[in-house]
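Let's take a walk through this structure, stopping at a few helices, strands and loops along the way. Have the viewer open and follow along.

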Amino acid sequence: MPCELKPRFLVLYGSQKGQAQSIAEGIADEAEERGLFADICCLSEGDKFNLEKESYPVVFVVSTTGDGDPPDTAQKFVKRIKKKTLPSDLYAHLCYAFLALGDTNYADFCNCGKTIDSRLQDLGAKHFYATGHADDGVGLELVLDPWLEGLWEAIRGALSKMAAPHVVSDRKSASLTRSLPPLSELALNVPALSPPYLDVTLQENTIEEEVGCLSLIFVPISRAVQLTRDDSVKTALLIEMDISSHPMTYQPGDSLDVLCPNRGSEVGELLHRLGLEDQKSNRVQLSLRKETKKKTAQIPSYIPENSTLHYLLTWCLEIRTVAKKAFLRSLVECTGDRGEKRRLQELCSKQGSADYNLYVRDPNLGILDLLRAFPACQPPLSLLIEHLPKLQPRPYSAASSSLRHPGRLHFVFNVIEFPACTGRPVGWRGLCTGWLSDLVDPILVRPGKAQSSSTPALPKVSRGNCSFRLPSDLSKPFIMIGPGTGVAPFIGFLQQREKEREENPEAEFSETWLFFGCRHRDRDFLFREELQGFVANGTLTHLKVSFSRDTPEGTETQSETGPTYVQHNLLSHAKDVINLLLQENGYLYVCGDAKNMAKDVNDTLIEMLSAELQLDKLDAMNRLAGLREEKRYLQDIWS
């Protein structure tokens with residue numbers, strides 16, 4: 001039985017070759033990770049669901065086969081709902097979303113899905129999310145991916161409107177270390193224990209220099225500038241690297257991977273908690289357990305041979321990674337405290353998914369947070385190496401052109417701040433951005449601060465694969481959307497275009513648009529003077545800036561419509577933007593936050609296409625998907 005604390009919905013599928021079933025199962029699996037519970041049934045299993053009494057949202061995933069026929073598994077269901085004797089309000093209580101799969105290479109595209117969808121509405125059911133029609137002829141993912149991306153917010157919206165009694169809002173007495181009934185009283189479905197597979201020994205190190213650091217090449221930082229005022233909500237920094245002595249080429253739009261270490265204080269605390277402070281300089285020897293039952297067991301390739309323990313925890317393992325359920329399950333075996341053991345079992349269990357999301361996943365709790373919360377827990381070093389992933393480099397967009405700044409490379413970032421929360425009593429800064437901020441502080445250029453003559457350095461960056469490039473055809477227009485530090489790659493674009501205009505005075509250059517946004521004109525308008533210079537010399541044809549927290553001129557308060565963001569400015573220039581994209585075969589680039597901004601911009605583009613071309617929403621989504629396929633709608637986004 002699912003935990004009654006978990007919001008529920010129903011997934012129904014009709015599948016011929018397994019695609020619809022696979023998508024439906026993927027939705028059900030992801031529901032658990034999102035703190036929801038999905039019942040899943042095939043439409044042929046009429047004894048397992050009853051739409052006439054269903055009080056929760058329903059998601060349909062249905063394919064079409066042959067010449068527009070229902071799949072075998074959906075034929076009885078279609079026949080049943082098509083009966084003319086059914087009352088018109090049979091499903092008046094029902095809210096649903098529908099994903100239809102089809103192939104435009106065959107007649108009657110998505111006919112089965114369209115038939116069921118239309119009949120459900122005839123019987124009174126209401127959409128809580130727009131229907132998707134995915135075309136296997138051009139690639140299901142072109143419609144499927146954005147449809148799935150928006151589904152979860154729509155499901156939560158539908159659940160909140162129902163105000164169902166199973167959603168418990170009073171969680172004041174529960175915490176990371178304590179549960180409430182009914183969870184605390186339930187029999188639990190605890191996942192199987194991951195078989196251990198590593199033997200770890202620590203050997204005294206006879207080499208004074210820390211093994212592993214020898215493989216890191218450091219690049220000097222020539223300049224660092226604070227781009228925002230001190231009273232800005234976020235602090236944005238620009239770093240200039242001197243790559244003149246390091247063979248490295250890059251282009252505007254490239255993603256650059258910066259390798260950062262774990263914070264020294266956190267590594268020290270972890271060593272202390274493991275009781276290994278005195279052995280931090282010892283060499284780590286790894287071998288596979290001979291009796292392990294893990295079939296794919298192998299020694300992690302990202303841990304260099306003869307690394308010291310301190311190096312391993314500093315440069316190899318992501319010690320801040322959010323603890324997964326498999327890791328929590330392993331921690332159950334590492335504590336003798338009955339209360340801790342039970343709570344760890346709850347957090348990793350199927351019934352405890354809502355608590356896991358609320359107290360572990362959502363606040364981003366890692367191994368140190370858990371060890372603080374469960375003091376009797378004593379995991380071995382081998383467990384951390386088995387479960388903690390590789391410490392990954394952090395990607396940043398190049399904010400310069402080598403034509404303008406030869407031998408130099410710029411990148412820009414906000415110093416990320418994470419507030420204190422349940423399970424973490426003290427706030428912290430982003431791992432890489434906090435480290436970079438500390439690293440460049442002695443040379444940071446900002447008003448009223450004396451400068452240091454020191455030259456900090458960071459490990460040599462690598463260039464990630466990138467298709468985020470300026471159009472090769474100089475005559476093609478392009479539109480850039482990048483609020484906040486999302487403007488970074490577009491500074492490189494415009495520097496490059498400025499030099500191209502200087503070097504090709506006879507060439508025909510088309511329009512360039514930039515939609516930029518920030519909170520305040522005088523606090524965080526990044527690259528303000530440089531952007532205005534691009535406008536003045538004709539490199540940038542249109543600069544459209546949105547200030548989300550400034551009051552409009554001539555008023556004392558913000559307008560009743562609320563903050564203004566880039567998507568609002570985009571919408572007000574819909575006719576020009578759509579014309580550039582569709583009539584002049586222009587390019588559209590979006591850079592910035594994936595969760596909010598990029599989604600809002602995508603939705604606005606669909607709205608613009610729908611209004612300008614008189615299309616319904618799904619046709620507009622397909623048109624936008626076509627631009628993606630043609631590589632004329634490109635994104636460089638992060639979560």
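A residue is called buried here when its relative accessible area is under 20%, exposed when that value is over 50%, and partly exposed in between, using a 1.4 Å probe and protein chains only. What you're looking at is a predicted model, where local features need pLDDT of at least 70, side-chain atom pairs count only at pLDDT 80 or more, and totals for chains, interfaces and linings use all residues. Residues are numbered from 1 along each chain as its sequence is written, and side-chain values use heavy atoms, with hydrogens and water left out.

With that in hand, start at Asn585, which is partly exposed, its relative accessible area being 36%. Asn585 belongs to the loop between helix 16 (574-583) and strand 22; helices (H or I, at least four residues) and strands (E, at least two) are DSSP runs, numbered from the N terminus. Its phi is near 55°, a positive value in a residue other than glycine. Lys631 is another case, with phi near 60°, and it is found in the loop between helix 18 (617-629) and strand 23. For background, most residues other than glycine have a negative phi, and most peptide bonds are trans. On the peptide bond side, look at Pro181 and Pro182: the bond that joins them is cis, with omega about 5°. Pro182 is in the loop between helix 4 (141-162) and strand 7 (198-203).

Now move into strand 22 (residues 587-593), where five of the seven residues are buried, leaving the strand mostly covered. What does strand 22 pair with? Strand 19 (residues 478-481) pairs with strand 22 in the parallel sense, over four bridges; two strands count as paired if DSSP finds at least two bridges between them. To find the register, look for Met480, which stands opposite Tyr589 in strand 22. Strand 22 also runs parallel to strand 23 (residues 633-638), and six bridges join the two. Here Leu588 has Tyr633 of strand 23 as its bridge partner.

A separate stop is an open sheet of three strands, with the order 12-10-18 and antiparallel pairing. Strand 12 (394-397) and strand 18 (462-463) are its edge strands, each pairing on one side only. Strand 10 (residues 255-258) pairs with strand 18 in the antiparallel sense over two bridges, and Asp257 stands opposite Ser462 in strand 18. Helix 12 (residues 431-440) lies across strand 10 and strand 12, running at about 65° to strand 12. For angles like this one, axes are lines fitted to C-alpha atoms, for helices over the stretch in contact, and angles run from 0 to 180 degrees between N-to-C directions.

Next, a pair of helices. The axes of helix 7 (residues 325-332) and helix 8 (residues 338-348) come within 8 Å and cross at roughly 160°. That makes helix 7 roughly antiparallel to helix 8, a label used for angles over 145 degrees, with angles under 35 counting as roughly parallel, 65 to 115 as roughly perpendicular and the rest as oblique. On the helix 7 side, the contact is made by Lys325, Leu328, Arg329, Leu331 and Val332, and on the helix 8 side by Lys341, Leu344, Gln345, Leu347 and Cys348; contact means heavy atoms within 4.5 Å.

Helix 9 (residues 353-361) has seven of its nine residues buried, so it is largely enclosed by the rest of the structure. Those buried residues pack against helix 1 (19-33), helix 7 and helix 8. Among them are Tyr356 and Val360, and both turn up again at Ala323. That residue is in the loop between helix 6 (309-316) and helix 7, and is buried, with a relative accessible area of 3%. Leaving aside neighbours within four places in sequence, Ala323 is in contact with Leu328, Tyr356, Val360, Leu365, Gly366 and Leu370.

Finish at Arg521, in the loop between strand 20 (512-518) and helix 14 (528-536). Is Arg521 buried, partly exposed or exposed? It is partly exposed, with a relative accessible area of 35%. Not counting residues up to four places away in sequence, Arg521 touches Arg528, Phe547 and Asp550. Arg521 and Phe547 are 26 residues apart along the chain, yet their C-alpha atoms are separated by 6.4 Å.
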